[in-house]
Amino acid sequence: MLKQLEGSHAVAEAIALCRPEVICVYPISPQTHIVEHCGELVRKGEMGNCEYMNVESEFAALSACIGSSACGARTYTATASQGLLYMAEAVYNASGLGLPIVMTVANRAIGAPINIWNDHTDSMSMRDAGWIQLFAETNQEALDLHIQAFKIAERLSQPVMVCMDGFILTHAYERVDMPTQEQVDQFLPPFQAQQVLDPVNPYSIGAMVGPEAFTEVRYLAHEKQLQALDVIPEIASEFKEIFGRDSGGLIREYETEGADTIIVTLGSVAGTVKDTVDEMRAAGKKIGVVTVGSFRPFPSAQLREAVKNAKQVVVLEKSFALGFGGVVANNIMMSLQGTGIHVHTVVAGLGGRPITMPSLHKLFEKALADELEDMQFLDLQWDIVNAELARQRAQINSGPVAESILKNIQVDTAYGGAASHAAT
């Protein structure tokens, strides 16, 4: 059924169709509308036999999810940014215990300084926690991925994060094709837990493991990720058979045939990248796009195959490792070792900075002309950076960086609006 919905509400309705038995929530922007709408659906009786738990923190939300999942209930939660960091201990526990929890991460920057807008720093910080991480390009895909996520999680007995760009997707109103309950029931069978805490048959979970076995435990967690490389595309294929849509999977190729330069990205920016590539293709430029749908597990073999005929890869990503470089790009460089394909890192969109087609045109033209640096920042304002570095060198007690920059560019901190640059 076609509906015009906010992305958050579309996801909430998809969650309801999956018949969760427990939803544990603590609101944090920009995921709040998802859990609010889930609560409304539970209150109206439209989510069947579901317990909706308001808890006191993000840590408590995932901790409660761990308890409910361990008792055999289909379980869901959502978070973002500092909320994900606050539940970090529980994030590792959920995967270490092999619990098939599904969690939406409405991607948002991490402070300080505080920033509520979108980038991918939050979920990237948990990339090694053992969760499967799926990234949505559109609200339709976000809706579809949540339905697939429950099946993936329960097939592998591993938790799944569905990452969707905060505000860009969560608060955007788009037309989506909402499945029927009958379709979802056909695709997603009732939850049958692989391990269940039961007073009649008591046992312990999360036992102490010493040096004699911990390496083996971690290797087996790695093996689950490798198994997911087969399960994710298999479930995407099953989804297409029932719902008639290509959605999910490990990677998606766009105009890669004959492309010398391939842009690799993930999340909602892929749409803007594709529009830019369309214009450049129309002008005869040999350029294409690969969108990463699954960041964990990372689809190294599939990526190598997709870009094998390219001369260079440009990784456009919304996160980076301070003091090192691109997080996604590092995974791609490791995947392409020995191929001779040059990999460039472009960090863009941090803290919600717009990624515009004019900026992408300039970037891609430089790449085609072989003028791109190995690592660069899209639309970085060097005048501000250099002025702040000069100030720090001149003052022993230079004070906080963020406040100085805001003053330098005349930002009203009460409202977050920027005026013209001040003279330096």
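Let me start with Gln140, which is found in helix 7, residues 139-156, where helices (H or I, at least four residues) and strands (E, at least two) are DSSP runs numbered from the N terminus. This is a predicted model, in which local features need pLDDT of at least 70 and side-chain atom pairs count only at pLDDT 80 or more, while totals for chains, interfaces and linings use all residues. Residues are numbered from 1 along each chain as its sequence is written, and side-chain values use heavy atoms, with hydrogens and water left out.

Is Gln140 buried or exposed? Gln140 has a relative accessible area of 16% and is therefore buried, given that buried means under 20% relative accessible area, exposed over 50%, and partly exposed in between, with a 1.4 Å probe and protein chains only. If we leave aside neighbours within four places in sequence, Gln140 is in contact with Val176, Asp177 and Arg245, contact meaning heavy atoms within 4.5 Å. With Asp177 there is also a short polar distance, since a polar atom of the Gln140 side chain lies 2.6 Å from the backbone nitrogen of Asp177.

Staying with helix 7, the loop between that helix and strand 7 (160-165) holds Ser157. Phi of Ser157 is near 55°, a positive value in a residue other than glycine, and Ser157 is buried, with a relative accessible area of 7%. On the other side of strand 7, in the loop between strand 7 and strand 8 (173-177), we find Phe167. Phi of Phe167 is near 70°, again a positive value in a residue other than glycine, but Phe167 counts as partly exposed, at 26% relative accessibility.

Now to the helix pairs. Helix 1 (residues 7-17) and helix 2 (residues 32-43) pack at an angle of about 45°, with their axes 8 Å apart; axes here are lines fitted to C-alpha atoms, for helices over the stretch in contact, and angles run from 0 to 180 degrees between N-to-C directions. Helix 1 and helix 2 are therefore oblique to each other, because angles under 35 degrees count as roughly parallel, over 145 as roughly antiparallel, 65 to 115 as roughly perpendicular and the rest as oblique. Their crossing is right-handed, meaning that the near helix is turned clockwise from the far one by less than a right angle, whereas an anticlockwise turn makes a crossing left-handed. The contact is made by Ser8, His9, Val11, Ala12, Glu13, Ile15 and Ala16 of helix 1, together with His33, Ile34, His37, Cys38 and Leu41 of helix 2. By class, that contact has seven nonpolar, four polar and one charged residues, with Ala, Val, Leu, Ile, Met, Phe, Trp, Tyr, Cys and Pro counted as nonpolar, Asp, Glu, Lys and Arg as charged, and the others, Gly among them, as polar.

How do helix 3 (residues 58-70) and helix 5 (residues 88-96) pack, and at what angle? Their angle is about 15°, with the axes 8 Å apart, so helix 3 and helix 5 are roughly parallel to each other, and helix 3 passes helix 5 in a left-handed crossing. Phe59, Leu62, Ser63 and Ile66 in helix 3 meet Glu89, Ala90, Val91, Asn93 and Ala94 in helix 5, a contact of six nonpolar, two polar and one charged residues.

Finally, the cis peptide bonds. One joins Ala112 and Pro113, with omega about -5°, and Pro113 lies in the loop between strand 5 (102-107) and helix 6 (121-125). Another joins Arg296 and Pro297, with omega about 0°, and Pro297 lies in the loop between strand 12 (294-296) and helix 11 (300-307).

Definitions and conventions. Polar contact = N/O pair within 3.5 Å; in protein donor to acceptor, adjacent residues only side chain to side chain.
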